Amino acid sequence: MNIHRHALDIRAEVTQAQQEILSNEAMLFVADLEQLFGTSRLQLLEDRAERQSRMNAGERPDFLPETLHVRQSDWTIKGIPTDLLDRRVEITGPTDRKMVINALNANVKVFMADFEDALSPTWDQLLDGQINLRDANLGTIEYTSPDGQKHYSLNPAPALLICRVRGLHLPEKHVRLNGREISGSFFDFALYFIHNFKTLISNGSGPYFYLPKLQSYQEARLWNDVFKYTERRYGLPVGTIKATVLIETLPAVFEMDEILFELKDHIVALNCGRWDYIFSYIKTLQNHPDRVLPDRQGVTMDQPFLSAYSRLLVQTCHKRGAMAMGGMSAFIPSRDPLRNEWVLGKVRADKQLEASNGHDGTWVAHPGLADTAMQIFTDAFEHNNTHQLNVKRHDHEVVTADMLLAPCSGERTEEGMRSNIRVALQYIEAWLCGNGCVPIYGLMEDAATAEISRTSIWQWIRHGKTLSNGRLVTFELFQDMLAEELLVVRSEIGEQRFCNGRFAAAADLLERITSQDELEEFLTLPGYQLLD
Ligand SMILES: CC(=O)SCCNC(=O)CCNC(=O)[C@H](O)C(C)(C)COP(=O)(O)OP(=O)(O)OC[C@H]1O[C@@H](n2cnc3c(N)ncnc32)[C@H](O)[C@@H]1OP(=O)(O)O
Ligand SMILES: O=CC(=O)O
Ligand SMILES: [Mg+2]
């Protein structure tokens, strides 16, 4: 069915409830954003490709000489609204109705509602997600389990909601302007903004966003322009919209001051998105034989290059008056009490490291981890503070490009490679079935963690690495292992689940992107071609 609304061409079925989300006013706003900023977005994506070609030719990322004055001059961000001053623990999750309620009721300060790493962007999930977030902000959201046994509604004091929109690389293929697919980021941003800003402002809060996967200060400038345009259009003071930017690409870590500066009226925090950051380290340095990562399990936040990233982020944020958010431990609770104790120990250690690095808050993947993280981030702050903005812990430390790019030591094992194959396979399969965040072998896996698995395989093949048992990693070895690991997964999950799933399509996609000469930029781009 083709529905024409003004300039936009919507190529998908739309239910009556979804129709409220795609209201005439909303569609006009989406169309105007795309008209005004769509070409700049595409140009910025070309700039990314151009920078990557330079990295592939041997260049290394570094601090930019042309923005030295921004790094060296004295300035701070505009300010942080009161309701964003306590972010000790943030839970993240997809915009599924039940999970939205559970997340807002958890013992956390913020719920980051995710249209990016944790969501497989099917048309229905995007629109239903917007319905869920609108109802959550209105306070009317409810859900009853299909068997009618469990009813869900909001507690009296739910967490604050921040919406993470899709990254700039992702198109929304169901909506076209002048024949061209529009930006997924602008689509998510416009819909969340338009359906929530009045409610939020009248509640004394505001439209708050997480911006993922930025690679440059020019991309921050684009978002700032989008925010200013939106505020003007709806008669709101500059700075009504607030953003937290994820520093989760290697290029962006060299431009944190610049990103804060570009967005200084709108930004309140940076966040260490460690999983995409590791993926980006692999991708950016894909042609650098001395920067090949070891087994994924060994790439932990105490590795020098990741520790430098966390410390520099805290130093930069606090210097500019912004909060420095930590990231996600991938361990999730277990029903086995012994294993659960072990998981809580892992999460505790990770959060303690973040708090001692100076972060003002952290992320958890599951409500069962909230108390542990809350305790650590409460105990770490003096005088009952809800943040440590005034603690200038790394003020005098000089974090250099060499520290940020330091090679990561560790083994490359056959089990590490097989595990990467099984995880990538199962994650891609889940994603193709519409599930963007899944538990696999006791860990949370999402689009960012899965990228690490599949790009590690590509990189080991590319650089002809030898595994710790002496086997040479080749594409043929990968193909043999893929066939074997498919059988392992089949026996682990059972015949019925395997046959009803999309494992053939997942294996095919994994094989295709692993065979490419140049690393596929995001697995979700070819993946999106296979989604409804
Ligand atoms: C790299 C990054 O970008 S991190 C950010 C993106 N990742 C995320 O957001 C992770 C979100 N987490 C999740 O999706 C889930 O916790 C998973 C997939 C990791 C694990 O899911 P499961 O194994 O199904 O969880 P489990 O069965 O233990 O869930 C128990 C209950 O907790 C709820 N729950 C679990 N995680 C969450 C969450 N993140 N938010 C809200 N509720 C949650 C479940 O809905 C379930 O509720 P119910 O008892 O009312 O039915
Ligand atoms: O978005 C978070 C990440 O770690 O990636
Ligand atoms: Mg991420």
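Helix 10 gives the largest share of the shell around ligand 2, with three residues. Keep in mind as you explore that this is a predicted model. The residues surrounding ligand 2 are Asp-117, Leu-246, Glu-248, Gly-273, Arg-274, Trp-275, Asp-276, Gly-327, Met-328 and Ala-448. Helix 10 (274-284) and strand 13 (323-328) are the elements that give two or more residues to this shell.

Now let us turn to a pair of helices. Helix 2 (residues 24-56) and helix 7 (residues 217-233) have axes that come within 10 Å and cross at roughly 175 degrees. Angles over 145 degrees count as roughly antiparallel, and helix 2 and helix 7 are therefore roughly antiparallel to each other. Where do they meet? On the helix 2 side you will find Leu-33, Leu-36, Phe-37, Ser-40, Arg-41, Leu-44 and Asp-47, and these meet Gln-218, Glu-219, Leu-222, Asp-225, Val-226 and Tyr-229 in helix 7.

The table sets out the residue classes for both places.

| Place | Nonpolar | Polar | Charged |
|---|---|---|---|
| Contact of helix 2 with helix 7 | seven residues | two residues | four residues |
| Shell around ligand 2 | four residues | two residues | four residues |

Finally, a word on the start of the chain. An unreviewed UniProt entry lists residues 8-67 as "domain: Malate synthase N-terminal". Over residues 8-67 the chain is 65% helix and 5% strand, and the C-alpha atoms at the two ends of this stretch are 39 Å apart.

How values were computed. Residues are numbered from 1 along each chain as its sequence is written. Chains are lettered from A and ligands numbered from 1 in the order in which they are written. This is a predicted model: local features need pLDDT of at least 70, side-chain atom pairs count only at pLDDT 80 or more; totals for chains, interfaces and linings use all residues. Axes are lines fitted to C-alpha atoms, for helices over the stretch in contact, and angles run from 0 to 180 degrees between N-to-C directions. Helices (H or I, at least four residues) and strands (E, at least two) are DSSP runs, numbered from the N terminus. Angles under 35 degrees count as roughly parallel, over 145 as roughly antiparallel, 65 to 115 as roughly perpendicular and the rest as oblique. Two residues are in contact if their C-beta atoms, placed from the backbone, lie within 7 Å. Ala, Val, Leu, Ile, Met, Phe, Trp, Tyr, Cys and Pro count as nonpolar, Asp, Glu, Lys and Arg as charged, and the others, Gly among them, as polar. UniProt positions are given in the numbering used here, feature names are shortened, and annotations may be inferred rather than shown by experiment. A residue is near a molecule or strand if its C-beta atom, placed from the backbone, lies within 6 Å of it.
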